[in-house]
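I opened this notebook to keep track of what I look up, chain by chain. The entries follow the order in which I went through the structure.

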Amino acid sequence: MSLKNLLSEKRSSIIKRWQDAIVSSYPKDSRGFLKRTKSQFANPVGCIITKEIETLYDEVIKGDNADKISSCLDTIIRIRAVQDFTPSQAVAFVLQLKDIIREELGNNHSPDMDAFDKQVDEILLMAFDVYSKCRQKIYEIRVREVKNQVGKLLERANLIVEIPEQAPGLRDDNAKTSL
Amino acid sequence: MATTPKPQETAKIDHRPPLFEKGWMDKPAEIRPGIYCYGSKPKNLEYVGMPYPKDWNPEDEDWQLPENWKEIIEEGFKDRLDRFRSLKVFMDICVRCGACADKCHFFIGSGDPKNMPVLRAELLRSVYRKKFTTGGKLLGKFGGGRDLTEDVLKEWWYYLYQCSECRRCSVFCPYGIDTAEVTILGRELTNLLGLNIDWIAAPVANCYRTGNHLGIQPHAYKDMLDFFTDEIEDITGLRMEQDMNRKGAEILFVTPSGDVFADPGTYTCMGYMMLFHYLKSIGLDITWSTYASEGGNFGYFTSHEMAKRLNAKMYAEAKRLGVKWILGGECGHMWRVLNQYMDTFNGPPDFLEEPVSPLTGTKFENAKTTKMVHLVEFTADLIKNNKLKLDTSRNDNLKVTFHDSCNTSRGMGFLEEPRYVIKSVCNHFYEMPPETIREQTFCCGSGSGSGLNAGEDMELRMRGGLPRANAVKYVHEKHGVNMLACICAIDRAVLPNLMDYWVPGVQVTGVHEMVANALVFEGEQKRTTNLRGEPLPGMEDEEDV
Amino acid sequence: MNFFLSIIFSSFAVLVVVLIPWIGVGALDLRALFGVVIPYAAMATFFVGIVVRVIDWGRSPVPFRIPTTAGQEWSFPWIKRNPIDNPKGLGGVIVRMLFEVLTFRSLFRNTRLEYRRVDGVPKVDYEWEKWLWLAAILFHYSFLVIFLRHFRFFMEPVPGFVTLLQNLDGFMQMGAAPFNGFGLPGVYLTDMLLMAALTWLLLRRVLYSQIRYISLPADYFPLFLILALGFSGMLMRYLFRVDVTKVKELAIGLFKFSPTVPDGIGVIFYIHLFILCVLIAYFPFSKLMHLAGIFLSPTRNLANNSRFVRHVNPWNYPVPTHTYEEYEDEFREHMIEAGLPVEKGADATAESEEKE
């Protein structure tokens with residue numbers, strides 16, 4: 001049986017393990033809550049993880065839609081990016097898929113398996129991008145907030161003047177200079 | 001010494017068998033960047049005469065505590081037990097049933113078990129038991145008591161300032177134990193040692209001195225309103241000058257200063273100005289004040305005393321100006337203070353009269369002694385009595401949902417008035433799921449100084465706001481909601497960022513911005529844009545004014 | 001506190017509580033001590049302890065009116081208000097408190113009935129909180145019924161309502177219990193419910209990680225103690241029968257303040273009685289005081305009316321404020337320049353500067 005078929009066959013138990021693995025990266029004392037509370041509003045973190053891991057797994061097996069994979073990763077990692085995780089901890093769950101699959105299917109060396117490992121590695125790289133994007137966003141918000149607080153104020157109090165939007169000839173030229 | 005974790009350690013965090021694991025009392029808090037706010041700066045504490053000002057960094061080992069800090073805390077604790085029945089009862093009767101455990105947005109968003117409301121209170125309770133109860137004294141840890149150490153103090157500080165005093169847990173507690181009350185009094189204790197966060201201490205000092213949290217001087221405050229007057233003129237063609245510090249007016253208007261200085265609150269502020277101008281010709285006699293220019297009370301996040309000191313300005317200014325009653329703008333914790341504390345703090349305001357709407361004759365009987373009316377109930381009454389000519393189609397591009405602010409819902413019960421006003425000025429309104437609104441509403445994640453506008457604890461704010469954002473996302477996806485309305489200045493300041501991170505495509509507005517958009521003035525020019533300068537529905541092709 | 005240690009410690013404490021009367025009566029025959037002295041001491045501790053504690057709470061004032069409002073406030077006549085969850089006066093507060101005390105309303109709010117769609121099919125999902133409310137209410141009401149049933153041991157003649165309760169309680173099980181027909185008494189429903197509810201309350205503390213995290217020995221101890229109380233009582237009723245007439249003689253004696261210690265009551269009775277004594281003596285010093293505390297909880301027993309009925313803080317004291325005069329003195333020039341009205345003219349600024 002091809003690896004793809006095996007992965008589809010064991011779908012539910014692999015997903016279950018993967019969900020458990022990601023939940024166990026949270027403090028042990030809150031895991032019960034994350035797993036047990038089923039309301040998407042009372043327990044957004046647990047529910048999003050459960051749902052998105054499932055979608056992510058299916059997309060990984062299909063393997064043809066990078067956008068969908070990226071959006072699943074985004075939903076999960078966006079949360080982990082603001083929780084108490086180091087960057088590596090935040091994305092480590094992707095790599096765990098390798099171990100989980102070996103535990104489920106046995107450690108058979110096959111070209112299929114190598115290809116799959118490579119795919120997981122690629123997803124890990126995507127996850128790294130997503131994580132960076134989320135952190136980038138946080139810093140962007142931080143900077144904007146500071147700017148809004150002070151900048152707008154000065155501007156409105158007529159203490160500074162901004163270069164008007166359509167200052168003829170100025171902006172375009174500047175944009176072209178490399179400095 | 002910090003070591004780089006091995007890959008396996010990175011993937012899985014703890015392997016210790018739960019049986020032999022230490023309990024929470026033995027695990028000191030790890031003060032993490034992104035979660036705490038900077039410590040209070042000495043100048044801000046000095047200005048208002050708070051004790052032990054110092055330059056300190058929460059990540060430092062040494063918090064520069066005075067030598068007798070334990071005595072100070074213990075005496076302060078005892079003093080508060082004697083003055084607040086709430087504290088005494090809440091320290092004694094919790095049965096740790098866990099009903100509150102998963103009700104806190106900070107717990108839901110972070111999974112940090114010390115963010116469970118019961119545990120936040122237990123941080124204080126453990127010290128209380130050891131110091132003030134027989135069981136705790138005799139049995140120590142077995143009696144649930146623990147000594148007050150520097151680690152415990154740091155843990156207090158770290159978690160007390162991670163609470164946004166939203167009272168959601170209190171709704172579910174079978175005994176009504178209110179973590180906000182515990183947090184407020186716990187923060188009072190940390191303030192005895194000069195341990196506040198600067199995002200509370202600085203606004204407190206500023207409000208005290210200039211009347212508003214940014215320290216804007218009176219002439220600049222007026223400048224801002226003038227600036228809005230120009231903006232409004234651009235949009236409507238009408239000049240809507242406002243009165244400031246005018247003696248003899250009938251009504252004094254007080255709003256959070258955030259409305260004057262930060263987007264999108266500024267549009268709400270323009271909304272207030274337009275409404276007042278609209279009503280002027282039919283008999284509204286109202287003035288703003290630069291002295292009492294902060295409705296929000298940052299003192300409330302410091303201590304009851306500081307709350308009272310800042311709140312005093314409102315009645316003092318009302319008395320000086322000789323007004324009949326006070327109207328309050330859209331704000332959350334401002335209204336909890338006005339509703340539950342103001343009269344007790346600084347009343348009775350005998351020099352004022354029982355509020356009556358000069359336009360409808362409606363008596364605001366629910367504000368009989370405080371003499372302070374909420375602008376949204378004032379407007380709701382106007383709309384009910386057909387005093388406003390409204391063109392709701394101007395808000396047709398908006399699909400609106402309403403975020404109940406914690407304080408107006410659980411500290412007042414102000415639920416229907418804003419909904420009535422919103423539904424009267426907008427055609428598309430959708431509620432979020434019931435367990436996330438009204439008395440069960442989720443906090444914006446940044447309330448009560450637990451991060452208001454502080455960039456340094458952005459991670460805390462984002463995860464604390466996740467439950468709220470998640471509910472917005474639901475209506476955004478289901479109904480295409482693109483506007484989150486609220487009646488709180490902190491909400492208006494922080495929700496745009498929360499939306500930007502979790503639900504891009506949803507904007508944030510105050511209720512009166514939408515009212516003003518819909519308001520049809522006599523003699524106004526044809527309006528092509530809303531207050532934000534965006535084209536009104538159907539006007540997309542019109543020349544930008 | 002390590003949870004394992006907490007459990008060991010509390011169960012050990014309860015074991016000691018069981019052993020004391022076992023040895024005290026079984027080996028040393030201290031019947032008067034365990035049948036009279038300790039019960040009196042425990043009752044005294046119970047009543048005095050509660051009164052002292054409640055007075056102590058009462059001594060601290062309620063400086064601010066801080067009800068948690070869980071519904072629409074009283075507003076315009078055309079806005080429907082929620083008179084129970086957001087009471088406007090005493091009447092509403094009484095109703096709110098009654099609901100709170102009799103039905104555990106806030107805990108019930110916790111109950112979430114989830115309508116979810118699983119693979120497109122709507123599914124009703126009960127959250128676990130449902131069980132907390134259910135266990136809590138079963139436990140408290142079973143305890144109450146059992147307590148009332150015990151009146152037959154210390155009242156002569158037995159009041160009608162006690163007999164009625166007893167019949168109702170036993171009736172449910174009549175014919176269904178396998179013990180019937182073996183000469184054993186019918187099983188009381190409340191006995192079973194009490195033990196089941198307690199077991200569940202204990203299990204959730206052990207099994208649910210969050211609850212385990214917050215639990216202290218002070219949470220396990222009363223659970224174990226009441227379990228032991230119930231267990232000893234049931235043993236007495238179903239296995240080691242004691243002479244009810246003599247027990248009644250002792251109980252009535254205690255209540256009439258002319259105690260007698262009849263011979264021939266089994267040790268199991270003294271164990272049961274001693275556990276009860278420990279429970280009620282422990283009561284005023286423990287979280288069990290929530291029984292009285294709920295009535296004093298300011299977020300529940302106050303009306304949301306501070307905007308129209310003045311609340312006075314007994315220790316209200318004057319505080320320093322930043323007065324308008326000080327404010328104007330600092331900013332007068334700017335204010336005049338900006339055209340803002342001022343109290344004193346421009347020369348006042350110069351004057352105040354001169355003074356300094």
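Which residues of strand β5 (residues 400-403) of chain B point one way, and which the other way? I noted before answering that this is a predicted model. In β5 of chain B, I found B:Val400 and B:Phe402 pointing one way and B:Thr401 and B:His403 pointing the other way, and all of them are buried.

I then looked up the partner of this strand, and found that β5(B) pairs with strand β6 (residues 483-486) of chain B in the parallel sense, over four bridges. Within that pairing, the residue of β6(B) that stands opposite B:Val400 is B:Met483.

**Chain B, domains**

I took the bounds from the domain assignment, which gives domain 1 of chain B as 24-196 and domain 2 of chain B as 203-518. Between the C-alpha centres of these two domains I have a separation of 30 Å. To their contact, domain 1 of chain B brings 27 residues and domain 2 of chain B brings 32 residues. On the side of domain 1 of chain B that touches domain 2 of chain B, I listed α2 (42-47), α5 (105-110), α9 (168-172) and α10 (179-191) of chain B as the elements giving two or more residues. The largest share of that side comes from α5(B), with five residues. Sorted by class, the residues of this side of domain 1 of chain B are twelve nonpolar, ten polar and five charged.

**Chain C, overall and where it touches chain B**

For chain C I counted 15 helices and two strands. The chain has 356 residues, of which 35% count as buried, and among the contacts in chain C with a separation of 6 or more, 61% are between residues 24 or more positions apart.

I next turned to the contact of chain C with chain B, which takes 76 residues from chain C and 89 residues from chain B. On the side of chain C that touches chain B, the elements supplying at least two residues each include α1, α5 (129-149), α10 (217-238) and α14 (324-337) of chain C. Of the elements on this side, α14(C) gives the most, with six residues. I also noted the classes on this side of chain C, which has 42 nonpolar, 23 polar and eleven charged residues.

**Chain C, helix α2**

How far does helix α2 (residues 31-59) of chain C reach from its first C-alpha to its last? I obtained 41 Å for its 29 residues, close to the 42 Å expected at 1.5 Å a residue. The helix is nevertheless bent, by about 30° at C:Val37, and I noted that a proline, C:Pro39, follows within four residues. That proline is also one of the buried residues of α2(C), the others being C:Phe34, C:Gly35, C:Ile38, C:Ala42 and C:Trp57. When I asked what these buried residues pack against, I found α1 (3-27), α11 (244-255) and α12 (267-282) of chain C, together with α4 (85-93) of chain B.

**Chain A**

My last entry is on chain A, for which I found eight helices and zero strands, so that I wrote its pattern along the sequence as α-α-α-α-α-α-α-α. Of its 179 residues, 27% count as buried. Among contacts in chain A between residues at least 6 apart in sequence, I have 69% joining residues at least 24 apart.

Note on methods
Residues are numbered from 1 along each chain as its sequence is written. Chains are lettered from A and ligands numbered from 1 in the order in which they are written. This is a predicted model: local features need pLDDT of at least 70, side-chain atom pairs count only at pLDDT 80 or more; totals for chains, interfaces and linings use all residues. The expected span of a helix is 1.5 Å times one less than its number of residues. The bend at a residue is the angle between axes fitted to the seven residues ending there and the seven starting there. A residue is buried if 20 or more other C-beta atoms lie within 10 Å of its own, exposed if 12 or fewer, and partly exposed in between; C-beta atoms are placed from the backbone. Two residues are in contact if their C-beta atoms, placed from the backbone, lie within 7 Å. Ala, Val, Leu, Ile, Met, Phe, Trp, Tyr, Cys and Pro count as nonpolar, Asp, Glu, Lys and Arg as charged, and the others, Gly among them, as polar. Domain bounds come from an automatic or database domain assignment. Two strands pair if DSSP finds at least two bridges between them.
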